[in-house]
Amino acid sequence: MITRIKDLFTDFDLPRLLIVAFLSTLLVLAFFLGLPVLGLLTDMLNRLGMFGVLVLAMVPAIVAGVGLNFGLPLGILCGLIGGLVSIELDLSGGWAFAAAIAVAVPLATLVGLGYGWLLNRVKGSEMMVATYVGFAGVSLMCIGWIMLPFRSLEMVWPIGKGLRVTIALSGRYERVLNDFWDFTIGDPGSSTGALTIPTGLLLFFGAMCLLMWLFLRSRMGIQMKTVGDNPKFAVTSGMNVNRGRMIGTILSTVLAAVGILAFNQGFGFIQLYTAPMFMGFTAVAAILIGGATVKKASISNAIIGTFLFQGLLVVSLPVANQIMQGGNLAEISRIIISNGIILYALSQVGGGE
Amino acid sequence: MENLEYVLQMKNISKDYYGNCVLKDINLSVKAGEIHAILGENGAGKSTLMNILFGMTVIHSTGGFDGEIMLEGKNINIKSPQEALELGIGMVHQEFMLIPGYSVTENVKLNREITKRNFVSRIFGEKLETLDLKEMAKDTRKALDTLDMDIDEWTRVEGIPVGYMQFIEIAREIDKKNIKLLVFDEPTAVLTESEAANLLTAMQKIKESGIAILFITHRLDEVMEVADNITMLRDGELVAQKKSDETNVIELAELMVGRKVEKIVREKRDEKANRKTILEVKDLRVMMSGEEVKGIDLKIEEGEILGIGGLAGQGKIGIANGIMGIYPVSGDIILKGEKLKLNSPKDSLERKIAFVSEDRRGVGLLLDTSIEINIVVTAMQIKKTFIRNFVLFTQINQKRIKEHTLKMIKMLDIRCRNEKQLIKKLSGGNQQKICIARALTLAPDVLLVSEPTRGIDVGAKKIVLETLVRLNRDLGMTIVMTSSELAELRSVCDRIVIISGGKIEGELKPDSNDTDFGLMMAGEYKKIHSRGDEQS
Amino acid sequence: MQNQKNDKKELDIDLLEISEVVKKFLVANMVTMVFAILGIVGFMFSGLSLPFFVSELLIRMTRNSFLVLALIIPVLAGMGLNFAIVLGAMAGQVAVIAVTHWEIPGVWGLLLCMALSVPLALVFGYLTGKLLNKTKGKEMIASLILAFFANGIYQLFFLVLLGGVIPMQNEVMILSGGVGLRVSINLATSIKDAADHIWRLSLPWSALSFSALTVMYVGIRRYLNRAKKMEERTIRKHLVYVALVSILALWSLYIMNTDSMFNNIRIPIVTVIAIIVVCIFTTFILKTKLGQDLKTVGQDRHIATASGIDANRIRIIAIIISTILAAWGQIFFLQKMGILLTYGAHAQVGLFAVAALLIGGASVSKATIGQAILGVVLFHTIFIVSPLAGKNIFGDAQLGEFFRAFVAYGVVGLSLAMHAWGKQIQAGNSLKS
C-alpha cells in the first residue's frame, strides 16, 4: 500500500504538482471572491468534454513513437471540412454532426496516410517537421477557404469571395452533444451558481476513450505500442515499424478531426483561417500536464491533463479579472503555462551528456 | 635512479568495481624507444589498464585504483585524459577521432591550432586570435613526412581511404611536442593487410625517434613482428611478461586462453548417433557494422548445442542476427531442407527459430512494459496466440497471458514482485530469463542465444546456462549459443566454431587443447597450419 | 581512326560529367531555383515597375538582412536554426522602449539602444544556450517553443506588470488605464531613421562606389598574396567579381545620365555599412580559434569534447553571439520602420529569418553569408510581389498574402523534412556499406 502511494507520488512530478496546487488556489480564491464556483465547475466539465478528444489524439502518436504530434492541425482541417460539408448539405441536429464526422473521418484517414508516410521518412526530427507541416497546412487551407466552392449563405461572405472567419452553428449542430441528457443541480440564481452536467458530451468523450482503450489492447494496438516503445525490439519480433507508426499517425489525425467537431459543437462556432494554427500546441501541453512525456502517454494522462489545463484556463480568467485590471492575463498565462510545460518535457528527454 | 631509463612504470596496479576485481597487481615498465605489446582476450583488463593510465572518469567515479604510476621516474597522479595529454601520453584511437569535413591539417591540429594575434584579440583575449594556417600546415607536413605520407596536407579527410585516416591520427599524436608515450589501441582492426603492414613500419619509425609505444592488440603475428616486449593479461591478472625473441605465436596463444573449464553437469552426447542437419547456412554474409560476417558455411545438427566464439568485432554476433534477418543479409539459410526468406525476421520466427539478442536492454526487452507483455508479445504477433477474436477486432486474452506468465516465472525461477512488474526494475539475470521465456513461448525448434551471460552476476550466470542445457536435454531443443566467454562455451556446448575476420577459423570440441583455441581466437590457426603444410 | 574514336569517347565522358555536375547543382539548389522562378513569374504578374520593385527590395534588404545573418553562427555550431532569435529581438525592443521613454533622439539614441540591449541579450542568450544544452538533438523545436514561451513572459511584463507593479509614467506610451504599453509606439521622438538618415546616396552612386570598393578589395587581396600561388578557384572567383561589378558600374554610369526613376532611390549607407560589418565580423569569427572550436563542435560534438573543447560552453557562446546580433538587427529594423508594434514586431522574426536563410540555399547544418543575402532577396521578392500577383491572377490580394505565409511555413517544413530524410538515407547507406 505504501509503495502504491509512493508510486502515485512519484508519478506526480513537480510541474504537475505545481499546476494542481495553482488550480486549487485559484478555486479557493474564486470561492472567497464570491465567484459562482459551481458555474465554474460546469465550465470545466464542458471544456473537458469539448477539448478532450483533441488531447486524446496525442495518445496514439506518442504511443507509436512518433512523439508529440504538433501536426494536429492537419487532422483539425479535415474535421473543419467535414463540418462545412454538413452545413452545405443543409443538415441540422444530430444528423448534421454525424454527417460531419462521416465526411471528416475518411478524409483524415487519407491525410494521415500521407502525413504518416512523411513522418516515417524524417525519424528523429518528427516534431519540428510536424510543426511546420501543420503550419503550412493551415496557411494553405487559408487559400482553400477562399477558393473552395462552398455556396451556403450561412458560411460565405455576403460580398467578396470565400468563407467567413467564424461560422455560427446555431440551428445546425450547436451543442448537440452538450445538451443531450444534460441536467442541472442547484439554483442558477444563487451566488455559487448551478452545476450543469453535459451528459451527452461526457458520454461521447468517454466512448472515444473506451474505443482507444480497446484498441490499445488489441493485437494491432499492442504492435503499435511495441513499435513505439522499442523499434529494435519490434523488428526482432517480426513487426513492421513503419506500419505501426503509420497506424498511430492516422489514428491521431482522425481523432483530431473528430475532436475539432466536438469542440465546435460545444463552442457554437466554426473558426477558420489561422484559428487552428496553435491548437496542436494546446493539446500537447494538456497531455504533458496530464503526466505524459515525449515517449509515454496513456488515456488517463489525456483525461487528467485536459481537466487540469482547461480547468486552469476556465478558472484563471474570472479570478484574474477580479484581481488585476487590464491586460489579458488569462491568455498570457495560457501561453506561459502551455509552452513552459512543453519546454520542461523536452528538457527531460535527455541529451544532456 | 635506474628508474630513469623507463618512460612509464606502472606498479602493483589493482582495480575493482564494487568488489568485483578486474585488475590485480599489474606491473608494467616501458623504455623510451620500445614497443611494448599488451595482449589479452576481451575482458582481460586491457582497457581498464588504459583507462587508469588516462585518468578516465569511470575509474575515479568508482573509487580510483591501487598502485602507482611513474612517468620518467616521477610519481604522477592523472585525474583526466586532458592531464595525460599534457604530460605527453598520447592515444591512437580504434575508432577515428577525425572530423570528415576538415582538412588533414585541421584534424592534426584539432584544438591545438596555432594562432596569431590581431587587433581584436588584443582587446577580447586569445580566443579571438586568428588561425595561422601556414604554420599549422608546416607542422602537419613535418609530421606526415615522418610517417612517409605523401598526402596533401590540405586534402579533406572525407573520402580518403580508411588506411590513411589511421595515419592522420598518428600524425596528430607525434605532432605533439612533448609526446613521450603513445598508446595504439587495436590500430589494425579496421585496416587491410597492406595498410596494417604500413602501420607497423610507421610504428618502427616512431620508436626510432625515441617515443615509447604501448601496443594493444590481439593479433599475435603483428606482435611478434614489431614488439620488443610482451605483457600478457588474462582475467585481470598478469600471466606472463616475455621478450618477443624468446617466445613464439603458439606459446602466446596458449597463454592467452589457458584456464580451467568448469563443466556444467551433462551427460556426453552420443557421438555416433546419426544426426540430421536442422539448419544450414551457405555463404552467409551479414552487413552488421562492427560485427560483419563475410561468408560462412555452417551446418547445425538437430538437438545439439553449438557454440560460436571469437573476439569482439570479428563477426560472431552477426551470424545469429543474420539468420534472424535483423541486419542486411545474403547467402542461403536452409531450415529443414527449405530455404528461409532472407531479411525477414517474421519468416524466421514463423519457421520456429527464436532469438535472444546480445543487446538485452537495447533490443531484447521493452523496459517500460510489464513482465507478462514482454513474455507473450512476440508469440502474440507471430502465432496469434493469447488473443481473443471478435470478428471485427481482437482483444488480448488477459487470463491466458497470466497463466502462461506464472508458468514461466516458476519454470525459470524469475524473481519478481508479480507478473505485472516493469522489466526495468528487475536485475540483469532476471531480465535475461525474461528474454529466454519469450523465446520459449514461441516453442522454437532452434534457439539462437547471443551473449546469454553478459552483465549478469555469477549466480544468475550458472542458472541461465543450466537452463539452456536443460532445454536442450529435456525438450530436445537445438541451441546455437554465441558468446565472448570461451570458458562458458566450453562448459555447455557440444562443439564450438571460432569466428575470426568474419569467417570460420575452425571447429573444436570443448575439450580440445588451449593452444588451438588461442590460435583460432587470434586468427592464427589457419596461417600456422598452412605454413606447417608447406614445410612438410 | 582509332584515335578519333577515342577522342569521341572522351568527349562523351566529358559531356556526361558536365551533365552530372549540372544535375548535382540543380538538385542541390532546387529550393533556391524554384523561388527564383516564382519570384520572377510573380514580378511579371504583379505589374510593378522595376525601379519601384528595386526600391522596395532594397528597403527590405537593409531592414532584414541583419536578422538573417544572426542565424549563421548557431547553424555552424551544429545547433540548427535558432528560432530563439526572437529573444534577441525582444532584448532590442526593450532597449528601444526605454530609449523612447527617455526621448533620446537620433544617433545617440540608437547607440544607447545598442548598448542597452547587449546585457539583456547576453542574459537571454545565456539562458537560451543553457536550455538548448539540455535539449541536445531537439534544439530547433526547443528554440521554437522557447520563443513562444518568452513571448508570454514579454507580454506579462509589458502588458500586465508595467505601469502596475512596476511603476512607469508616460502618457504617450502607456495605455489609458495606466497599466501596460500601447499596442503601437511611435519612435519619431527616438530612433526613427537614426541610422538611415545619417548619409544617403542615390542608387547609381552607391552602385558605383560599391563597384570601386570591390575592385579595390580584389586588388589588395592579390597584392597581399602576391608571393603565394593562389588557388584556381579563388582566381576565378575574383575574375567573376570584377566582371560583375564592371557591368554594375557601367549600368550606374548609364543611369546617372538618364532621368530614370532609379536615380530617385536613396541608399542608407550607414545601415549598409553596418550589415557589411556584421558580414565581416562573422567571417572574422570563423577564422579565429573560437570559430574553429565552433565549427568543430558543430561537425562532431563527441570528438570536440574528446579533444578537450568544452562543447557546452562553445554552444552557449554561439547562441549569445546570435542573440546579440538579433537584438541589434531588431533595433536597425525598428529605426527603419519608425514605429514599434509592441506585441507583434518580434513574433515572426524567427520564422521570416529562418525561411529567408533556407530559401537562400542553406540547410539545418550549413549556412553562408551569401546564402543569407540571397535568401533575403528571394524571400522578400515573394513578399513584395505576391499580394499584387495574387490580385492580378486570382482577383484577390488576400490570396497572395496567404500564399506568402504558406511559402514561409512551407519552405521551413520542406527544408527540415528534406534534411531529416537525407540524414535517414545516409544512415541507411552507412549501415549497408
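**A four-stranded sheet in chain B and the two interfaces of chain C**

In this predicted model, chain B holds an open sheet of four strands in the order β14-β13-β16-β17, with antiparallel pairing. The edges are taken by β14 (293–301) and β17 (338–339) of chain B. Each has a single partner strand, so one side of each is left without a neighbour in the sheet. Strand β13(B) spans residues 277–286 and is joined to β14(B) by seven bridges. These two strands run antiparallel. One bridge partnership links B:Thr277 with B:Glu301 of β14(B). Helix α11 of chain B, residues 316–324, packs on the sheet. The helix touches β13, β14 and β16 (329–335) of chain B. Its direction makes about 105 degrees with that of β13(B).

Chain C contacts chain B through 22 residues, met by 22 residues of chain B. The size of an interface is often given as the accessible area lost when the parts come together. Between chain C and chain B, the buried area is about 2,100 Å². Carbon and sulfur atoms give 62% of that area. Two salt bridges are counted between these chains. One of the charged pairings joins the side chains of C:Lys289 and B:Glu113, at 2.6 Å from N to O. Eleven residue pairs are in polar contact, with both residues at pLDDT 80 or more. On the chain C side, at least two residues each come from α10 (269–286), α11 (289–299), α12 (301–306), α13 (311–337) and α16 (397–432). Helix α11(C) supplies the largest share, seven residues. By class, the chain C residues that touch chain B divide into eight nonpolar, seven polar and seven charged.

The contact between chain C and chain A takes 42 residues from chain C and 45 from chain A. About 3,800 Å² is buried between these two chains. Carbon and sulfur atoms give 77% of this area. The count of salt bridges across the interface of chain C and chain A is zero. Three residue pairs are in polar contact there, again with both at pLDDT 80 or more. The chain C elements that give two or more residues to this side are α6 (106–134), α7 (139–161) and α16. The largest share, 16 residues, comes from α16(C). The chain C residues that touch chain A comprise 28 nonpolar, eight polar and six charged. Helix α16(C) thus appears on both sides of chain C, supplying at least two residues towards chain B and 16 towards chain A.

Terms used:
Residues are numbered from 1 along each chain as its sequence is written. Chains are lettered from A and ligands numbered from 1 in the order in which they are written. This is a predicted model: local features need pLDDT of at least 70, side-chain atom pairs count only at pLDDT 80 or more; totals for chains, interfaces and linings use all residues. Side-chain values use heavy atoms; hydrogens and water are left out. Contact means heavy atoms within 4.5 Å. Buried area is the accessible area (1.4 Å probe) that two parts lose on being put together, summed over both. A salt bridge is a side-chain nitrogen of Lys or Arg within 4 Å of a carboxyl oxygen of Asp or Glu. A polar contact is a pair of N or O atoms within 3.5 Å; within protein, one must be able to donate a hydrogen and the other to accept it, and residues adjacent in sequence count only if both atoms are side-chain atoms. Ala, Val, Leu, Ile, Met, Phe, Trp, Tyr, Cys and Pro count as nonpolar, Asp, Glu, Lys and Arg as charged, and the others, Gly among them, as polar. Two strands pair if DSSP finds at least two bridges between them. Axes are lines fitted to C-alpha atoms, for helices over the stretch in contact, and angles run from 0 to 180 degrees between N-to-C directions.
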